[in-house]
Amino acid sequence: MTDAGVVGSSAAEPTGASPASSVPLPLDADFFQDPEAVYSVLREEGPVRKVVFPLGWGEAWIVTRYEEARAALADPRLLKNDRVAVAQYLDPEQIGEFRLGEDEGLLVHMLSSDPPDHTRLRNLVNKAFTSRRVEALRPRIEAITEQLLDDMAARGANGEPVDLIDVFAGPLPMTVICELLGVPPNDRDDFRSWCTVVVADDLTEDEERTASAAIAGYLRQLVAAKRAQPGEDLLTALVQARDDGDRLDETELIAMAFLLLLAGHETTVSLIGNGVLALLRNPDQLHRLRAEPSLIGGAVEEFLRYDGPLNLATTRFTSEPVRLGGVEIPRGQIVMVSLASANHDQRRFPDAGRLDVTRRSSGHLGFGHGIHYCVGAPLARLEGEIAFRRILDRFPELALAVDPSEVRWRQSFVFHALEHLPVRLS
Ligand code: HEM
């Protein structure tokens, strides 16, 4: 990587380079602590520009303004299926590092499919995540929340610091999605640790293959167990859909389970963690929310906009030249849409850098947009609403247990997630 035109190694300096000449994107330790410092520069330069990702990921186009990001997410010329892309127009070298779990078939899921496969796969689970079906989970989610907060209270008694991610924000969504899919309690820790490995950005090929093989092997066994002994869970329903008809094949079934489990917990952890941190850093907003709990639903949307769990949307490829915000992206290019940047675009959200729990944040891109819009959004919203309501109610003296500058973000291009969130309850 050269120094020429580095965006944001001093993030304040615009590059002046044309959108078609690539500049290295400084996704270094500083970036993860404050992505907005880089995005604000990129956004002012233009809506779209070509960049080089570190760690040998190669070149891609990054979309940073709201209008263009929304348009890109809904553009049918931007495809998701990299197997088709490689077969038809993409240099396999180009996307080497943008793949995950390919050898094990974990990738043949809806989020890396295009219509008609995407439509077929999504239709199999759409119904399980409608607002009405999800609302039926409320009592169970409340019970899990209460139990976890009891544990947290016990650990935090006498003013001891507790890690909110470890004891609450992590286990809540993991327990909910595992119960929904029918993953036995004893297997959950293993699954979570494989997932943590598989989503890391700096894996060697060997590490990635080992983690993907462990996940795929485990899920194959789980599917076999559901066949032998059907349950009342979503995975059993998917196994039956596979066996009763021709609606998905065995590899797609495993990949679907992987996607739902991974997407179902990796992100919601950060809705809770990032949201609690945002409130603790903005005491006026915390007071407002405590005084008016009816604002919590809207506040969850604002957390998703202000410091959402995903930095970038997943990889897309141009199947033909695409003009976006006046910039021509040639055919066969990788396009990364920055959800975090779009959600901070002043053109769409005035005073975007300010947390405002009364803001009308609808239209934010935290759950994506277009046909891949998050299928689990109703579940994530419900978990978020319950989590914030109960945390604020039970811990009126909740405070950060470290200086705000000591809070560290995980080094991940895609996820915007805290490593830990040490808090005191009293
Ligand atoms: C706050 C929590 C969550 C956030 C911020 C989030 C965000 C997103 C985003 C941005 C996308 C689109 C990615 C893209 O277009 O590249 C997506 C897709 C998806 N999400 Fe979520 N998600 C969350 C929770 C969940 C949960 C709880 C589930 C549960 C099953 C889930 C399942 C999925 C699935 C299956 C897709 C793929 C949809 C498709 O391709 O049609 N997500 N999510």
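The following exercises, each with a worked solution, concern helix packing, the ligand shell and backbone geometry in a predicted model.

In this predicted model, local features need pLDDT of at least 70 and side-chain atom pairs count only at pLDDT 80 or more, while totals for chains, interfaces and linings use all residues. Residues are numbered from 1 along each chain as its sequence is written, and side-chain values use heavy atoms, with hydrogens and water left out.

**Exercise 1. Packing of α17 and α19**

Task: Determine how helix α17 and helix α19 pack, and list the residues that make the contact.

Solution: Begin with the elements, where helices (H or I, at least four residues) and strands (E, at least two) are DSSP runs numbered from the N terminus. Helix α17 covers residues 296–307 and helix α19 covers residues 377–394; they pack at an angle of about 110 degrees with their axes 9 Å apart. Here axes are lines fitted to C-alpha atoms, for helices over the stretch in contact, and angles run from 0 to 180 degrees between N-to-C directions. Next, classify the angle: under 35 degrees counts as roughly parallel, over 145 as roughly antiparallel, 65 to 115 as roughly perpendicular and the rest as oblique. α17 and α19 are therefore roughly perpendicular to each other. Then list the contact (heavy atoms within 4.5 Å): α17 brings Ile 296, Val 300, Glu 301 and Phe 303, and α19 brings Arg 381, Gly 384, Glu 385, Phe 388, Arg 389 and Leu 392. Finally, sort by class, with Ala, Val, Leu, Ile, Met, Phe, Trp, Tyr, Cys and Pro as nonpolar, Asp, Glu, Lys and Arg as charged, and the others, Gly among them, as polar. The contact of α17 with α19 has five nonpolar, one polar and four charged residues.

**Exercise 2. Two further helix pairs**

Task: Describe the packing of α15 with α17 and of α10 with α14.

Solution: Take α15 and α17, which pack at about 90 degrees with axes 9 Å apart; that makes α15 roughly perpendicular to α17. In this contact, Leu 271, Asn 274, Gly 275, Ala 278 and Leu 279 of α15 meet Val 300, Phe 303, Leu 304, Tyr 306 and Asp 307 of α17, giving seven nonpolar, two polar and one charged residues. Now turn to α10 (residues 171–181) and α14, whose angle is about 155 degrees and whose axes are 8 Å apart, which makes α10 roughly antiparallel to α14. Pro 173, Met 174, Ile 177, Cys 178 and Leu 181 in α10 meet Leu 260, Leu 261, Gly 264 and His 265 in α14, a contact with seven nonpolar, two polar and no charged residues.

**Exercise 3. The ligand shell**

Task: Characterise the residues that surround the ligand, and identify polar contacts with its oxygen atoms.

Solution: Count the residues near the ligand (one heavy atom within 4 Å): there are 29, the closest being His 118, Thr 314, Arg 316, His 372 and Cys 374. By class, the shell has 18 nonpolar, nine polar and two charged residues. Helices α6 (117–126), α14 (250–266) and α15 (268–281) each supply at least two shell residues, and α14 gives the most, with four. Then look for polar contacts (pairs of N or O atoms within 3.5 Å; within protein, one must be able to donate a hydrogen and the other to accept it, and residues adjacent in sequence count only if both atoms are side-chain atoms). An N or O atom in the side chain of His 118 is 2.6 Å from a ligand oxygen atom, a polar side-chain atom of His 372 lies 2.7 Å from a ligand oxygen atom, and a polar backbone atom of Ile 371 is 3.4 Å from a ligand oxygen atom.

**Exercise 4. Backbone geometry**

Task: Describe the backbone at Pro 116 and Asn 158.

Solution: Pro 115 and Pro 116 are joined by a cis peptide bond with omega of about 5 degrees, and Pro 116 is in the loop between α5 (92–95) and α6. Asn 158, although not a glycine, has a positive phi of about 65 degrees.
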